[in-house]
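Q: Could you walk me through this structure and show how each label is earned?

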Amino acid sequence: MNKPIRVVSVFCLVLFLALLVNATYLMYVRADSLSEDPRNRRIITAAYSRERGAILVGKEAIARSVPSDDKYKFQRTYSEPFKYAPLTGYFAFFSQTGVERSQNEVLSGDDSRLFVTRLVDLLSNTDPKGGNVLLTVNAAAQDAAWAGLENLPGDAQGAVVALEPSTGRVLAMASTPTFDPNDFASHDFTAVRDLDQTLNNDPREPLINRAIGTTLPPGSTFKLVTAAAAIESGNYDADSMVPGGSRFQLPESTTTIRNHDGGDCGGRRITLTQAMQVSCNVTFLSLANELGTEAMADQAEKFGFNSTSLEDLGGQARSLYPRDMDAPQTAMSGIGQSSVTATPLQMAMVAAAIANDGDVMRPYVVDEVRAPNLSVLDRTDPQSISKAMSSTTADELTKMLVATVESGTATPAQIPGLEVAGKTGTAQSTDDRPPYAWFVSFAPADDPKVAVAVLVQSSETARAEIAGGLLGGPIAKAVMEAVIGP
Amino acid sequence: MGFVHRRRRGAELFLLVLALAVGIGAYAAVGLGVEGTVPADLVGYGGWLTALIVAAHVTVRIVAPYADPVLLPLVAALNGLGLAILRRLDLTYEAIGNDDHTFARQQLTWMTLGVVLFIATLFLLRDHRSLQRLTYTSGLTAIVLLLLPFVPVIGVPINGANIWIRVAGFSFQPGEVAKVLLVVAFSGYLVLHRDALALAGRRVVFIDLPRGRDLGPILAMFGVSMMILVAQNDLGSSLLFFGLFLAMLYVATERPGWLVVGGLLFAAGALAAYTFVPNVQNRFNFWLHPMDYYEETPGSGQLVEAMFGMGWGGLIGRGLGNGFPERVPFAYSDFIVSTIGEELGLTAVMAIVLCYGLIVERALRIALISRDGFGKLMAVGLGSIVALQVFVVIGGVTGLIPLTGLTTPFLSYGGSSLVANWVVIALLLRISDQARRPTPRLDPVDDAGADSETTQVVKLK
């Protein structure tokens, strides 16, 4: 009977080999595709139940995980939820936004830079912990920005962005109305889903980070770009005489545009500085008309229009300067109307570029990535993304903007003992909605430490009072003071 | 005198120490991984496990000194690991509020009973050939046992299968014992009738069909058990019995034609089952497209969760206590391999499959060297049971073949299975002891007085 026993042996060998090969296929070859299956709750739950790293501003953890009693082991909490919501985003079971999402790998501990930590955890059989993320945000500036937005009258929608001109660090980023990320971190998933639905359907769009996610016509603040293009063309400087007057006839059209106050900007020929001081529409309409779409678009793109630059925070909308505008549209673009749209971040980048001798720095919110034991794993290096203008042009523009704050439309941003450069903007939308109020500024003018853009999108302020200076100016001033200090 | 097998009891002891290290080490690791501390009862638990293993080893030394030295350590390691995994599941079930969270404790009790029966078998059964006398008795008993779950009061259907009886609070699967008895019955019958089965008969097409009176009884025995299993809705056991029957028939008759006939019968049976039994059709579809039926009921949720878990475990696993085995229903019985895959990784799954492979290899080796036909057939039958059972259940859980319910020998929670398998090992050891024992010397008592009339005296060593 030995021959058939040998046959049976070989058959059993085949069976066991098949088991081994199949187990290898399932657990090694297919492992990755199984992990990527969205129905694989193990992956989600594991990430969710880990001790996630903290998001730090200075020494304060604005988001951290504390032990909880339920099966998910840890509860994410936000110490100043509304103030920092646009930055932190939320961390829910099914989705994340903001830094919680962009830095998820680090916070959850999966990032390759945390490899050594993970290895140690594995060998010592301790639960893996996530790394910490230090933001570039200046707590005082963020406080000022949030307080400014909160103190706006009525049911305002607005945003503030502050940058460090020399590096591109985001010093403050606030948006209102916003949401409480603590509600999203709840382990009651039904409540979270309901909340998500409610907030998504809210016409005031509390889930949007207006500082980077809302694009609106930049209005008169775009005159900085028009002026930069004009000076870069080589035909103008701060003292050049430019067309003033009370009205501008759009090319190929019968429409005429007046100045916002109906005046004549102080004469038929005025200096460029004076035009900036009084925010003369006629001047910048004619400059844009003279420079043409090409030159204007090139200048706008050097500042960062038509592209996105923020890499460590999701949700940046592209600010647009379309290249296919006709002559009247191009002229209108000179005062930030027609199809030109910008985010508050983009306008802060324009101000920061002027403050930084023309160098546009890539904005960033993550300063350092730290291991759970607080050792620094990585630090973001400032990176220049383009040269928007020569330093001479930047100096000329700075002079003009300082004059605008000293004795022009932007006087609300004056800080005693400091030279501040700034510009207001008021952009028209439809007749039944109030205009948008903008304010961009930087200070100190001779050695800029901070550049700010403020957008007040909708507020119950009387229409006549929405001169950008009155709403945005004090907020910008408070943020600049907070950064520069006493 | 030619080749004599060595006893190798020292080697067995050494391997048993390793096996105990696996079992007790795993138990300590469960405590460390899940609770963060070494379990408080580690000494008591380890002591008990050691006592059981030592008792088994000493018994083998006394009553089966020439038995195969590898089988017992393999079984001890698997049983120990299974206990640790059950303990790990208990802790989780307790944490999430399941009512049943004493699987490990119960399993240890059953293991104790298993070892007692192991020892009893070795002591009482000094020669396996005495079982040959019980051919028909065991066949009949097997069928009675298989019928027990149909008896109204004691039979309880659990999860759609009528394979359980409940007596005095204890659940028992009589089928697990029946399979051992059937091996005895098949061996006893086949060893007597193998020549008749192989040689007498008519040739139909290319197969020598045996005479009806030779094949009849065994076919009846087989047919009745298959019908009972089908009526009990127990696919896994049907598959197991069919394979067992085929393997033994092939080994006994040495006719490969039986494999062809068996293969054809299997294909026909599978096709008929697929066509007429919706449950079989479902299982087949879940196997082919598990991901498509994940959220349906009945669906492949259990299988897909097991696959997610094993995929997540990867090469070295998540570590004991760091997985989510509770996501897989029946992780403590049929799906225990998915728990091991998830928390101990591919490495452990391979190690376990190799352990089973070695058990089967030892069983077939025993069959090869066994000196009597009955022993050969029994060893082949018992080895085939382990091989088929492991293949059907691990193959099902890992998606190699359609899923049919069976327990994983020695690992899964289940008293009847554990006890029956310990007896299987005792029988294998008994056969191997007989096979490896030096042959009695045939010495003439007195050379001078030797003539053709003198009866030869067999001198036992």
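Q: Which residue stands opposite Ile158(B) in S2(B)?
A: That's Ala161(B). Keep in mind that this is a predicted model, and every value here is computed from it.

Q: How do you know that S1(B) and strand S2 (residues 161–167) of chain B pair?
A: Two strands count as paired if there are at least two bridges between them. S1(B) and S2(B) are joined over 3 bridges, so they pass, and they pair in the antiparallel sense.

Q: What makes strand S1 (155–158) and strand S3 (170–172) of chain B edge strands?
A: Each of them pairs on one side only. They belong to an open sheet of 3 strands in the order S1-S2-S3 (chain B), with antiparallel pairing. Neighbouring strands in this sheet are turned by 40° against each other on average, direction ignored.

Q: What is the strand order of the open sheet with 6 strands in chain A?
A: The order is S3-S2-S1-S4-S12-S13, and the pairing is mixed. Strand S3 (74–78) and strand S13 (376–379) of chain A each have a single partner strand, so one side of each has no neighbour in the sheet. On average, neighbouring strands here are turned by 25° against each other, direction ignored.

Q: How do you know that strand S4 (residues 132–135) and strand S12 (residues 366–370) of chain A are partners?
A: Use the bridge cut-off again: at least two are needed. S4(A) and S12(A) have 4 bridges, so they pair, running antiparallel. One of the matches is Leu135(A), whose bridge partner in S12(A) is Val366(A).

Q: What makes helix H14 (residues 281–303) of chain A fall short of a straight helix?
A: Its 23 residues would reach 33 Å if straight, at 1.5 Å a residue, but its end C-alpha atoms are only 21 Å apart. There is also a bend of about 105° at Gly292(A). Just after H14(A), Gly304(A) takes a positive phi of about 120°.

Q: Why is H14(A) called largely enclosed by the rest of the structure?
A: To count as buried, a residue needs 20 or more other C-beta atoms within 10 Å of its own. In H14(A), 17 of the 23 residues are buried, so the helix is largely enclosed.

Q: Why is H12(B) called mostly covered?
A: The burial cut-off does the work here too: 25 of the 34 residues in H12(B) are buried. This helix also falls short of a straight one, with end C-alpha atoms only 34 Å apart rather than 50 Å. H12(B) bends by about 130° at Leu344(B).

Q: How many residues does each chain give to the contact?
A: Chain B gives 41 residues and chain A gives 28. On the chain B side, the elements that give two or more residues include helix H1 (9–35), helix H8 (235–253) and helix H12 (336–369). The largest share, 10 residues, comes from H12(B). By type, the chain B side divides into 25 nonpolar, 13 polar and 3 charged residues.

Q: What does chain B look like as a whole?
A: It has 14 helices and 5 strands. Of its 461 residues, 51% are buried. Among its contacts between residues at least 6 apart in sequence, 69% join residues at least 24 apart.

Definitions and conventions
Residues are numbered from 1 along each chain as its sequence is written. Chains are lettered from A and ligands numbered from 1 in the order in which they are written. This is a predicted model: local features need pLDDT of at least 70, side-chain atom pairs count only at pLDDT 80 or more; totals for chains, interfaces and linings use all residues. Axes are lines fitted to C-alpha atoms, for helices over the stretch in contact, and angles run from 0 to 180 degrees between N-to-C directions. Two residues are in contact if their C-beta atoms, placed from the backbone, lie within 7 Å. Ala, Val, Leu, Ile, Met, Phe, Trp, Tyr, Cys and Pro count as nonpolar, Asp, Glu, Lys and Arg as charged, and the others, Gly among them, as polar. The expected span of a helix is 1.5 Å times one less than its number of residues. The bend at a residue is the angle between axes fitted to the seven residues ending there and the seven starting there. A residue is buried if 20 or more other C-beta atoms lie within 10 Å of its own, exposed if 12 or fewer, and partly exposed in between; C-beta atoms are placed from the backbone.
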